[in-house]
Amino acid sequence: MKNIYLAVLLSLLVFISCSKDDEQAITQEVETGKVVGKVVANNGTAVARALVFHDQNGEISFTHTDINGSFELTIPEGIGNLHVQTGNGKLFRTVTEISITKDEVLDLTGDSSLRLTQQANLGYLPGAFDTIQDMVIEMGYAISEVSLADMASADLYSQYDAIFLNCDLATFDDATNENMINYVAQGGSLYSSDWGIGYYLGADNATGADCGPRPGGFIDDSTICTEKIGMRPALYDSPVLSSEYQAVLGKNVMDIDSGVWTIVHDIDANFWEVLVEDTTGSPLVIRTNNVGDSIDPVNNADADWVTICHIPPGNPNNPITITVSANAAAAHLAHGDSLGSCGDAQSGSIYYTTFENHQSGPSAIEDVKKILEHIILSL
């Protein structure tokens, strides 16, 4: 009997050893090359923290660009698709077919395939103290003016995938508030600055830190308390909490200098994500995708493209959200990916900055410009 057990044990050891040898042999058979380049916006500005991934029948290799927009990616030899995107890839992305040769480097620096292409319609609501649309145009992209009447339209989502609400002393009426909930729930994204928080929360009761209910708005007042007028001529060395934003800036602090703007006194961290705060801990840049009910992730604005959550093999705790051709979705699902963005919430994103794009001082101008450009590309 002992001889039988010994024979079985030896057989298992041989099987395991052979399996490992086979696995190593398979790994060795996958020959690779490299692709390098620099991702830029339409105006040639470097795009930091852009996602670059190579898709070969659902197998993904990916990296992010550095502060100069540069990247280096090792990928299997053969023909595949090189994707460049920001955010979840629904607004800005570029895809090109490339061929990789074993042990060779494909240099795409200066190639149009690495120029981020606008894939969606952007709109902006004019304001009294902000002109975020100027930054969009400066980057080489298109944006259309919308009115308050447009914001009340039920078919807004079919017209614009993201809308920028410039700083102003204005609010939405009840009908528009309801439309905004539906708009974001369907995947539309919003950005607002400074006094534009009124579009989200409704009318400000008074100057000061009154955290009582505010009339109107489509975001629960209990998630944030703001002071309408805060005297802050300069906020230098404000802590950047987001590793994503640190990569964009190339440092873990940023400078802001625009005189007077809204101050956030209290915030619900379960609803809002704080990306940048001042030295007292008051939030300066926040975002959320917890507004409205989740949507079926199959329902994308563009039926030819599908947003999925890619689970890297061997690294399931580091999923990435990518947008791929609908024809490629089946291959990704077969590899364990899932439809929709990574995370539970499937709504669009809402961003808010307490400051505007008008800044004083060279360092503040540069830092705010980089952050706002990143928000534009990532909505």
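# A tour of the predicted model

Start by selecting residues 305–310, which are strand β18, together with β19; these two strands pair in the antiparallel sense over six bridges. Keep in mind that this is a predicted model. To find a point of contact, pick C309 in β18 and look across to β19: the residue opposite is T321. Now add β20 to the selection. The three strands form an open sheet, ordered β19-β18-β20, with antiparallel pairing. The edges of this sheet are β19 (320–325) and β20 (338–339), each of which pairs on one side only. Strands of a sheet are held as pairs by backbone hydrogen bonds, in either a parallel or an antiparallel arrangement.

For the parallel case, move to residues 122–125, strand β8. Which way do its side chains point? L122 and Y124 point one way, G123 and L125 point the other way, and all are buried. Next, select residues 162–165, strand β10: β8 pairs with β10 in the parallel sense over four bridges. Here G123 stands opposite I163. Then select residues 144–145, strand β9, which pairs with β8 in the parallel sense over two bridges. In β9, G123 has S144 as its bridge partner. Add helix α2 (residues 132–138) to the view, and you have a right-handed β-α-β unit made of β8, α2 and β9.

Go on to strand β12, residues 224–231, and pick out I229. Is I229 buried, partly exposed or exposed? It counts as partly exposed because its relative accessibility is 33%, between the limits of 20% and 50%. Draw a distance from the C-alpha of I229 to that of I263: the two are 7.1 Å apart in space and 34 residues apart in sequence.

Now select helix α9, residues 362–378. How far apart are its end C-alpha atoms? They are 24 Å apart, which agrees with the 24 Å expected for 17 residues at 1.5 Å a residue. Colour the buried residues of α9, among them A364, D367, V368, I371 and L372. The run from E373 through H374, I375, I376 and L377 to S378 is buried too.

Keep α9 on screen for the last stop, the second largest pocket, with a volume of about 290 Å³. Of its 15 lining residues, those closest to the centre are T45, A46, A48, K370 and E373. Helix α9 gives the largest share of the lining, six residues. By type, the lining residues are eight nonpolar, three polar and four charged.

Definitions and conventions. Residues numbered from 1 in each chain as written. Predicted model: local features only at pLDDT ≥ 70, side-chain atom pairs only at ≥ 80, totals over all residues. Heavy atoms only, no water. 1 Å grid on protein atoms, 1.4 Å probe; cavity = no way out; pocket = protein on both sides within 12 Å on 5 of 7 lines; lining within 4 Å. Points joined across faces, edges and corners; volume = space filled by probe spheres on them. Nonpolar A, V, L, I, M, F, W, Y, C, P; charged D, E, K, R; others polar. Expected span 1.5 Å × (residues − 1). Buried < 20%, exposed > 50% of the residue type's maximum accessible area, 1.4 Å probe, protein only. Pairing = 2+ DSSP bridges. Right-handed = clockwise from strand over helix to strand, strands pointing away.
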